[in-house]
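Colleague: I'd like to learn how to read binding sites and internal voids in a model like this one. Could you walk me through them?

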Amino acid sequence: MVIAICGYTGQGVETAGAILSEVLRANGRRFRTWRDFSTIIRGGLTSFEAYVDEDTGGEAPARLHAVDVAVVWDRQAAERYRDRVRHVTGLYGAATVDGVPNANRDVLDPVGFNLWALGVVACKLGLSPEDVQAAAMAHFHQRVNLEPLHRGYAKAAGSTSSGPVQASDAPDTAILSGNDALCLGAIHGGVRIYCGYPITPASEILEYMAAWLPEVGGRAYQVEDEIAAIHMAIGASYAGMRTFVATSGPGIDLMTEGLGYAATIEVPLVVVDNQRGGPSTGMPTKTEQSDLRHLLYAGHWEFPRIVLAPTGVVDCLAVIQEALNLADLHQCPVLVALDLDLALRRISVPWETVNDALMRVPALRGRTVLPPASVHGYRRFAAEDGGLPWRTVPGVRGGGYVASGDEHDERGWMEPDFQSVRPTLHRRRLEKVHCVRYDRPLTPVGSPEAPVCLVGTGAMGELIHAAVAAHPDLYRGVLLRQLWPVPADGLLAAVAGAREVVVCEYNATGQLAHLLATTVPDGGCRTVRRYDGEHYTVEAFLAALEAAGETLHGRVRG
Amino acid sequence: MTLDLKAYENGNRPTWCPGCGDYAVLKVIQRALLELGIAPEDVVLVSGIGCSGKISHYFGGYGVHTTHGRVLPVAQGIAAARPDIAVIAAGGDGDGYGIGVGHLVHAVRRNLPLTYVVMDNGVYGNTKGQTSPTSPTGYRSSTSPHGNADEPVHPLRLAWSAGATFIGQGFSGDIRHLVELLKQAVSHPGFALVNVFSPCVVFNKTHDYAFYRRSVFYQETPARSSAELIQLLETHPFPLGVLWRTDRPAAARLETGPADAVPSDCMRRWLRGTLG
Ligand SMILES: Cc1ncc(C[n+]2csc(CCOP(=O)(O)OP(=O)(O)O)c2C)c(N)n1
Ligand code: SF4
C-alpha cells in the first residue's frame, strides 16, 4: 500500500512521517519513504510518502506513482495527488478542500493536521492505535494533544473494512537513509573526525557525526566554510586519522582547491558530493546527477582521482568504506557521487543486512606507517618497486618529510630539478590509478540475453532493478559503481550482445552517457534523462524508457 | 637520545635572500622546540604560500607546505586529530591576514591548541613586493603606485575581538626574546597567535630592521584587561612580548588510540535517533 501526507512546510508532515516509520519498524513491516520538500522553510508544500508491504523483511521497491491513500491539507496539495490516488475514496483532507469526498473530510486546525493525517494512514495500514499513540507520546516527550490523532483514526475506520493487521513476529529492522548509511559505514571504517559546513542535502551527515562521534571518542567540527572543511580533513588524514568530507555542488566548487593539494601530497582523501539541482545555488531541495563532469575534471590538472557512486541505500554502507580503503591504497582523492534522492530516502532494512554490508569491508590502510614504528633513510615520495611509496605520519621517528603542494623531489623538497622529477615522480603519481584495486566496479542485473541494457548510478539503481523485474525479457541492467577510471573491461562484458544500451541519468546533457560513449561498442547509446528536480516513479520511468526506445533523439555519439 | 639543534634541521638550504627576517624565525622555532624538549618527530610545522611559507622545507621534523591561505585549516585538522603532536603553523601576512583571514577569526574562536607564527613583512615578498594587508595607508608599491588607500589589518586587535586566548608579538631582530615568546606560545593550551616583524630586505624599504629597532617597545607582562590591551596598542604601535592571555577552554580533540569497533546496539540506537 502507498500512502501520502501533504501539507505546507512547517506543519509537521515530516514529523508525522517519522512517527509512522518508527511504528512500522517496530512492527517489522517492510517499507520505504520519500520526502519531497520545498526550499521555503515555511509555506511551500511538503510531502511524505511511504510504500508499505504486507510482507516483512527484504528491501522495498522503488517509488510508485499510484497512491492508495493521500491525506491533503489544502487545494494545492489535493491537486498534487488527485491524479495519483487509485480511487477518489483514497483522498482525505480538511473540510475546506474541494474534491475530497464528504465522508473523508474533517474540520481541521493547521497545527493538528499532521496528527490527524497520521491517524488516517495508520488506521488504513492496520496499525494499532495504541502503538501509534505511544510512538507519538515518545516523540513529543509526552507533551502533545492526541485528540486529532484519534479523530483521524475514527475518520478512516468509518470507511475501512479491514481490522488491524496483527504484527507478525517482528524481525529486527532498521530504518536507513543514504546519509545514515554513509555515516554508519564511515564510522565502522574507522572515521573518528569529521569537519563540515551545513548544506542541503548533506547537512544531516554533519548532524549525525556531531551526535555520534563523541560517543566513540571522536569529534565533529562545524567549520567556517567548505574550504576549511576539506583542508582540515587533509590535515587529519595527513596525521593518520581516517576522515571524509561531504557537501553538495556549491560546496564542491569550494573544495576543489583542496583536491589538487591532497593529490599532490599523496594524502588519502574521501570527498562525498551529495548532488542536488545545479548550477550555482540551483534547486537546493531537488535531486540531480549533474556534477559528474565536475567530479571528473575539477581542479587545475593533472592529478589522479577515483570516482565512485553507490547504487542504493544499503550500498552506501559498503561504498564509503571501500572509498576510504581506495584512498589509503592509492594515496589519492576518492570522490563519491551521491544524489539527493539516494541521500534522503528512508527504507526499512533487516538489521542483518545492515550488519553484513558493514562487515563485508575490512579496513585496509595500504602503505601507511603509524607510530610507534620508526624508519631509516626514509624518502616519502620514492617508490622503488614500481608500487606506491610508504607514507609516514607524525610521531614516526625518522619519518619526517615535507608534504608540499609545490612540485617536489622524493623528500618532498620544493624547487627540484623539474626536468628530472616530472617524467618520474609526476608520472608515477598520475599513473597510480591506471589499475584501481576495486572488486565491485559494477553490478549486472537481470538476464544477459535481454536485448536492452540499462546503465545508471545512484538513485537510478532501484529504478533499473524495477524495470528489469517488470520486463525481464526486454531489459537487463548495469549498476555502475566505479565511474572513474571507467571500468572498461567489466562494462564491455556487461553490455555484450545488447542490441541497445540506454544510459539513465538525472541531468539535461547526458554526462554519464558521454563518459561511457568511448567504451560502449558502436560508439553510442541512447539516454533517458530527467532534470526537473523530480525523481521518477517506476511507472514514469518505464514510460520514459519506452519513449526512448521509439525515438532516436538522445543518441550520443562517441 | 640527547637532542641537539641539528635534529631540527633537515639539510635543505634555505633559498631566502640574505638578510631576510625569515631565517631568524626558522632558527627560533628550532631552538624553542629544543629548549622545550619536544622531539622533532612529534612536531608538525605547517606553512602557507610565500617566501615565509618555505619555512616547512627546512625543518627536521614533519613539514606541511599547504596552499595559499590554508595553513590554519590544515594545522587545525592535525591538532584536532593528534593531541599527542605539537603543531606550529607559520606563514606570511598576505597568507594569514589577506587570503586566509577568514580562517584566522574562526581558528581563534575554536581555540584548538596550536601556535600560529605570522612573518609580517608588510609586503607580498614572493610575488615581488606588492602591497599587503599590513602595508600602512599611503604605502607605495607596484600595485599601489599612488599610495595604498586602504586601512591596514590590525591583526592583534582582530584576534582579540574574536576571543583570542594568547596574543604575542616578536621581532626577527631579537632572537633571544622571540625564543622565550615562542616557548610560551607552544606551551599555551589553546590557540596562540604570534605576530613577528620579519623584514623583507628586498621589497619593503620603509619597514626595515632599523625602523623596528627604533619603534619596538618591550612589554613585560600581558595586559590585565581589555581596556589595558587597547590602551597599550594605542600608545605603542609596535609592542613586543606576550600581550594577552586568558584561559578559555580549548576545543575538544580526538581521544587518541586506535579506533575500536563500534558495538552494533550503539549503531541501532543512533539510527532510531535520526528519525526525530
Ligand atoms: C590562490 C593563490 N593566489 C595567488 C598566489 C600567488 N602568491 C604566491 S605567494 C603570494 C603572496 C605571499 O605573500 P605573504 O603571505 O605576505 O608572504 P611573503 O612572501 O611576504 O613571505 C601570492 C599572492 C597563489 N600561490 N595562490
Ligand atoms: S623577497 Fe623578501 S621576504 Fe622574500 S626571501 Fe627575499 S627578503 Fe625574504
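Colleague: Let's begin with ligand 2: how many nonpolar, polar and charged residues does the shell around ligand 2 have?

Modeller: Sort the neighbours by class and you get a quick chemical profile. Keep in mind that this is a predicted model. For ligand 2 the shell has 8 nonpolar residues, 1 polar and no charged ones.

Colleague: Which are the residues around ligand 2?

Modeller: In chain B they are Trp16(B), Cys17(B), Cys20(B), Cys51(B), Asn121(B), Cys200(B), Val201(B), Val202(B) and Phe203(B). Remember Cys51(B), as it comes up again with ligand 1.

Colleague: OK, over to ligand 1. Which residues come nearest to it?

Modeller: There are 16 residues around ligand 1, and Cys51(B), Ser52(B), Asp95(B), Tyr124(B) and Gly125(B) come nearest. The class profile here reads 5 nonpolar, 9 polar and 2 charged.

Colleague: And how do I read the polar contacts? What lies 2.8 Å from an oxygen atom of ligand 1?

Modeller: Look for pairs of N or O atoms within 3.5 Å, then ask whether the protein side is backbone or side chain. Ser52(B) uses a polar side-chain atom, 2.8 Å from a ligand 1 oxygen. With Cys51(B) the partner is a polar backbone atom, which sits 2.8 Å from an oxygen of the ligand. Asn126(B) also brings a polar backbone atom, at 2.9 Å from a ligand 1 oxygen. As for burial, ligand 1 has 590 Å² of accessible area on its own, and the protein covers 72% of that.

Colleague: Which elements give two or more residues to that shell?

Modeller: In chain B, α3 (93-99) and β5 (123-124) do. The largest share, 4 residues, comes from α3(B).

Colleague: Now the voids. How do you find them, and how many cavities of 30 Å³ or more does the structure hold?

Modeller: Rolling a probe the size of a water molecule over the atoms shows where empty space is left. In this structure, 5 cavities of 30 Å³ or more turn up. The largest has about 110 Å³ of space, and the second largest has a volume of about 70 Å³.

Colleague: What lines the largest cavity?

Modeller: Its lining has 13 residues, and nearest the centre lie Gln275(A), Gln289(A), Leu292(A), Thr457(A) and Leu483(A). By class that lining splits into 6 nonpolar, 5 polar and 2 charged. Try the domain view too: domain 2 (175-359) and domain 4 (442-550) of chain A each give at least three lining residues. At the level of elements, β14 (333-339) and β23 (500-505) of chain A supply at least two each, with β14(A) giving the largest share, 3 residues.

Colleague: Which element gives the most to the lining of the second largest cavity?

Modeller: That's α11(A), with 3 residues. Both β11 (269-277) and α11 (313-330) of chain A supply at least two. The lining has 6 nonpolar, 2 polar and 3 charged residues, and among them are Arg242(A), Asp328(A) and Arg365(A).

Colleague: Last topic, backbone oddities. Where is there a cis peptide bond?

Modeller: Check omega. It is about 0° for the bond joining Thr200(A) and Pro201(A), and Pro201(A) is in the loop between β8 (193-196) and α7 (203-212) of chain A. Gly278(A) and Pro279(A) are also joined by a cis bond, with omega about 0°; Pro279(A) lies in the loop between β11 and β12 (283-287) of chain A. Then check phi: Glu266(A) is not a glycine, yet its phi is positive, about 55°. You'll find Glu266(A) in the loop between α9 (249-264) and β11 of chain A.

Methods:
Residues numbered from 1 in each chain as written. Chains lettered and ligands numbered in written order. Predicted model: local features only at pLDDT ≥ 70, side-chain atom pairs only at ≥ 80, totals over all residues. Heavy atoms only, no water. Near = heavy atom within 4 Å. Polar contact = N/O pair within 3.5 Å; in protein donor to acceptor, adjacent residues only side chain to side chain. Areas by Shrake-Rupley, 256 points an atom, 1.4 Å probe, with all protein chains shown as cover. Nonpolar A, V, L, I, M, F, W, Y, C, P; charged D, E, K, R; others polar. 1 Å grid on protein atoms, 1.4 Å probe; cavity = no way out; pocket = protein on both sides within 12 Å on 5 of 7 lines; lining within 4 Å. Points joined across faces, edges and corners; volume = space filled by probe spheres on them. Domains from an automatic or database assignment.
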